[in-house]
Amino acid sequence: MMWLSWRQFRIQALFGVGALAVLAVYMVYLGADIRDAYQAKCQGSANCAEARHQFRSAYQNTLLFLATGLALIPAVIGTFWGAPLVARELENGTHRLVWNQSITRPRWLLSKILLIGLAAVIVTGAAAALLTWAARPFDEAVKEQFETFVFGARNIAPIGYAALAFTFGTVVGLLLRKTLPAMAVTLVVFLAFQFFFPNVVRPSLMPPVKATLPMTVEAINGARNLGSIGGGSVIGGVRIPNAPDAWIAETSPLRTADGKTLSASKFNDCLDSPPKTGAAGTFGDTAVCLAKHNLHVDVQYHPRSRYWSFQWLETAIYLTLSGILTAFGLWRIRRRVS
């Protein structure tokens with residue numbers, strides 16, 4: 001049974017190995033380049049902060065693009081390896097030949113899932129390991145390991161994603177029994193899941209630490225942005241003084257000393273036409289204007305020490321869901337599929 005599954009899968013396997021080989025060559029080149037730049041970023045520079053900024057700017061977009069691409073690998077595996085796995089057999093009627101042999105339906109399905117699922121995990125895990133190695137100096141310098149795409153493209157989390165995407169695609173194909181509809185449903189649903197889980201489920205996997213941060217001129221200038229498309233007195237990308245590399249899961253609007261949200265009119269006045277003071281910093285006069293209102297924000301965050309706990313917990317959830325889907329598929333093919 002394994003030999004038959006391998007013969008049916010060998011073209012996809014060879015394509016996966018070829019793509020992985022190309023990726024490995026590029027990652028070795030990129031990793032060496034990042035390490036050279038990392039070692040030299042402050043040497044011969046009077047302004048080390050500026051050198052770090054240049055180092056970040058040089059590689060951030062490239063690594064973000066690679067992380068996004070890696071996030072798509074499980075979705076592609078679920079779509080092109082998982083969804084057609086059973087749907088194509090049922091659609092073409094070739095399953096009858098196998099089921100008329102001595103092998104049982106659940107064993108037939110399980111052997112396919114184990115063989116091709118293992119290949120999916122190996123390919124995705126290898127790609128994640130290559131990217132994690134190449135980006136390590138950058139991650140150490142930038143410390144944004146909890147960012148959505150970064151977290152999902154490093155270390156062991158992609159392995160769980162690959163297992164879940166593959167088994168989900170297989171079960172969808174088993175239920176729909178048509179290859180193209182199964183591929184479309186798998187792709188759309190899994191991409192939605194990759195957006196939903198990090199933004200809705202991940203922050204609540206562990207109870208966050210709560211803190212109140214005074215919005216001084218220095219704190220405002222250290223933030224990433226002021227305001228938002230939807231309007232309101234909001235600030236984004238604030239940093240916690242005693243945990244600058246923590247993952248901030250939630251930030252309240254700017255609040256006055258009595259706990260009320262700063263009015264939009266006062267916020268916009270400081271944003272659009274602050275009194276001229278000649279202040280330096282990212283937001284300059286705007287930061288000085290806002291700080292005069294004695295503001296603070298309430299934040300919920302996870303310290304960096306929880307990073308591996310989140311990695312293991314999230315991967316365990318993916319693998320558990322994958323196991324549940326596999327068990328459902330084995331039950332379904334034994335009871336309902338003719």
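A residue counts as buried when its relative accessible area is under 20%.

**Figure 1. Overview of the protein chain in the predicted model.** Of the 338 residues of the protein chain, 44% are buried in this sense. The secondary structure consists of 11 helices and five strands. The C-alpha trace extends over about 85 × 50 × 30 Å along its principal axes. Where residues at least 6 apart in sequence are in contact, 79% of these contacts join residues at least 24 apart. The chain exposes about 17400 Å², of which carbon and sulfur atoms supply 62%. It carries 31 positive and 18 negative charges, and the mean positions of these two sets lie 17 Å apart.

**Figure 2. The largest nonpolar core, with 22 residues.** Met215, Ile220, Ile235, Leu254 and Leu290 have the most contacts inside this core. At least two core residues come from each of helix H9 (264-272), helix H10 (285-291) and strand E5 (296-302). Another core, of 18 residues, lies apart from this one and includes Phe55, Leu70, Phe138 and Ala153.

**Figure 3. The surroundings of Leu254.** With residues up to four places away in sequence left aside, Leu254 touches Met215, Ser233, Ile235, Lys260, Thr261, Leu262, Phe267, Leu295, His296 and Val297. Two of the residues named here, Met215 and Ile235, are also listed with Leu254 among those having the most contacts inside the largest nonpolar core.

**Figure 4. The disulfide between Cys270 and Cys289.** A disulfide is a covalent bond between the sulfur atoms of two cysteines. The structure holds one such bond, and the sulfur atoms of Cys270 and Cys289 are 2.0 Å apart. The pair connects distant parts of the chain, with Cys270 in helix H9 and Cys289 in helix H10, 19 residues apart. Because the torsion about the S-S bond is about -60 degrees, the disulfide is left-handed. Both Cys270 and Cys289 are buried.

**Figure 5. Asn155 in the loop between helix H5 (148-152) and helix H6 (157-176).** Most residues other than glycine have a negative phi. Asn155, although not a glycine, has a positive phi of about 60 degrees. Its relative accessibility is 22%, so Asn155 counts as partly exposed.

**Figure 6. Arg177 in the loop between H6 and helix H7 (179-201).** Arg177 is a residue other than glycine with a positive phi, near 65 degrees. Arg177 counts as partly exposed because its relative accessibility is 30%.

Terms used: Residues numbered from 1 in each chain as written. Predicted model: local features only at pLDDT ≥ 70, side-chain atom pairs only at ≥ 80, totals over all residues. Heavy atoms only, no water. Helix = DSSP H or I, 4+ residues; strand = E, 2+ residues; numbered from the N terminus. Buried < 20%, exposed > 50% of the residue type's maximum accessible area, 1.4 Å probe, protein only. Contact = heavy atoms within 4.5 Å. Areas by Shrake-Rupley, 256 points an atom, 1.4 Å probe, with all protein chains shown as cover. Lys, Arg positive; Asp, Glu negative; His and termini not counted. Charge placed at Lys NZ, Arg CZ, Asp CG, Glu CD. Core = buried A, V, L, I, M, F, W, Y, C linked by side-chain atoms within 4.5 Å. Disulfide = S-S within 2.5 Å.
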